[in-house]
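Reader: I'm in my first year and I keep meeting words like "buried" and "edge-to-face". Could you show me how such labels are earned?

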Amino acid sequence: MTQVALEKKEEDGRPADAVVTLPVVPAVKKTRSVLVYLSIAWLVIIIGAAVFAGLLPLAPYNVPIGAPRTPPGFGSLDTILGTDTLGRSLLSRVVYGAQVSLVIGAVAGTVGFVVGSLFGMIGGYFGKRVDAVISLVADAMLAFPPLILLLALASILTPSVQTMLFGLGLLAIPSFIRLSRANTLAWSSREFVRAAKNMGAGNGRILFREIMPNVLAPLASYMPIVIAALIVAEGSLSFLGLGIPPPQPSWGGMINDGKDAIATSPHLVFVPALVIFFTVFALNQVGDHLRTKYDRTLHD
């Protein structure tokens, strides 16, 4: 407890001391998991390596540098993770594979975020028939098996980055539609939205000036989790041989290349598998942290 002395003047002009006791409220301590900091550090490392891959002292990802299936060792930087079945550096292929996996996950997630958020807000705000049609389409897309959809697209279209972006973007849209619709329904009933309607504001102004700023935060915090799921989906397609065609490396393709030699050279599978695991785990940790911090519906 603290004491604050307040002086006041009496009617005869003499000062008198009045002691007021005020409670001391301790500041709320925000506890942050060490896993969040480690996850952020891992994402910074893997994204930085992918962006500046051309500047790193790494061997070309498509050129053999030694004997095939060399186990990890500290002989040189290129062989620190070993070599693959053709003698190419696994470290170099992991770094250049990050360009494919991360770009596909980020771009497809952004497409799903933009398109799904827009349609979700429209359905949640206008309701009735518009909401019924948008919800029906989203439910139908969610009901269709994702892997079957990706396999169908890969078999009809030529396997390429554009094909995978198209297919994975379609998979991300319905999740954002449902999340955006739910948040829009919650914010549409708030007092400031009703006040804007009473003041004669149009639907476009209310939707994009009043509701959208409040909806974007929880949707954006959901993005890392969606990107993590898309990276796993891209790895699954590449593992099945329907992803990025060689020699361009991808993490799923590296697992596919080394699966036949897993008994004698397990590092061919475990190295890219661990990279996928750490990246997906880090994205989920960061996504949960952002959702707890910026999703206002959790605090209201």
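**How the labels are earned**

Reader: What is the overall make-up of the protein chain?

Author: One thing up front: this is a predicted model. The protein chain has ten helices and two strands. Along the sequence, the pattern is β-β-α-α-α-α-α-α-α-α-α-α. Of its 300 residues, 40% are buried.

Reader: Why is Ser 92 called buried?

Author: Set the value against the cut-off. Buried means under 20% relative accessible area, and Ser 92 has 0%, so Ser 92 is buried. Ser 92 sits in helix H2. Leaving out neighbours within four places in sequence, Ser 92 is in contact with Leu 58, Ala 59, Pro 60 and Tyr 61.

Reader: How do you know that the length of H2 agrees with its number of residues?

Author: Helix H2 runs over residues 90–126, which is 37 residues. The expected span is 1.5 Å times one less than the number of residues. That gives 54 Å for H2, and its end C-alpha atoms are 52 Å apart, so the two agree.

Reader: Where is the kink in H2 centred?

Author: On Gly 97, with a kink of about 25 degrees. That angle is taken between axes fitted to the seven residues ending there and the seven starting there.

Reader: What is found at the start of H2, and what comes just after H2?

Author: At the start, a side-chain oxygen of Ser 89 comes to within 3.4 Å of the backbone nitrogen of Leu 91. A polar contact needs N or O atoms within 3.5 Å. Just after H2, Gly 127 has a positive phi of about 65 degrees.

Reader: Which residues that are not glycine have a positive phi?

Author: Among them are Arg 69, with phi near 60 degrees, and Lys 128, with a phi of about 55 degrees. What makes them worth a look is a general rule: most residues other than glycine have a negative phi. Arg 69 is in the loop between H1 and H2, while Lys 128 is in helix H3.

Reader: Arg 69 and Lys 128: what makes one partly exposed and the other exposed?

Author: Exposed means over 50%, and partly exposed lies between that and the 20% limit for buried. Lys 128 has a relative accessible area of 77%, so Lys 128 is exposed. Arg 69 has 39%, so Arg 69 is partly exposed.

Reader: Which label does Asp 139 get, and why?

Author: Asp 139 has 39% relative accessibility, so Asp 139 counts as partly exposed. Asp 139 is in helix H3, residues 128–143. Its C-alpha atom is 8.8 Å from that of Arg 178, though the two are 39 residues apart along the chain.

Reader: Why is the pair of Phe 113 and Phe 176 called edge-to-face?

Author: The whole structure has eight aromatic pairs. For Phe 113 and Phe 176, the ring centres are 5.7 Å apart and the planes are at 85 degrees, so the pair is edge-to-face. The cut-offs are centres within 6.5 Å and planes over 60 degrees apart. Phe 113 is in helix H2 and Phe 176 in helix H5, 63 residues apart, so to speak a link between distant parts of the chain. Both residues are buried.

Reader: Which residues form a cluster through ring pairs?

Author: Trp 42, Phe 277, Phe 278 and Phe 281 are linked that way.

Reader: Gly 116: buried or exposed?

Author: Buried, because its relative accessible area is 0%. Gly 116 also lies in helix H2. Beyond its neighbours within four places in sequence, Gly 116 is in contact with Val 111, Ile 173, Phe 176, Ile 177 and Ser 180.

Reader: Why is helix H8 said to be largely enclosed by the rest of the structure?

Author: Count the buried residues. H8 has eight residues (251–258) and seven of them are buried, so H8 is largely enclosed. The buried ones are Trp 251, Gly 252, Gly 253, Met 254, Ile 255, Asn 256 and Gly 258. These residues pack against helices H1, H2, H7 and H9.

Note on methods
Residues numbered from 1 in each chain as written. Predicted model: local features only at pLDDT ≥ 70, side-chain atom pairs only at ≥ 80, totals over all residues. Heavy atoms only, no water. Helix = DSSP H or I, 4+ residues; strand = E, 2+ residues; numbered from the N terminus. Polar contact = N/O pair within 3.5 Å; in protein donor to acceptor, adjacent residues only side chain to side chain. Buried < 20%, exposed > 50% of the residue type's maximum accessible area, 1.4 Å probe, protein only. Contact = heavy atoms within 4.5 Å. Phe/Tyr/Trp six-rings, centres within 6.5 Å; stacked < 30°, edge-to-face > 60°.
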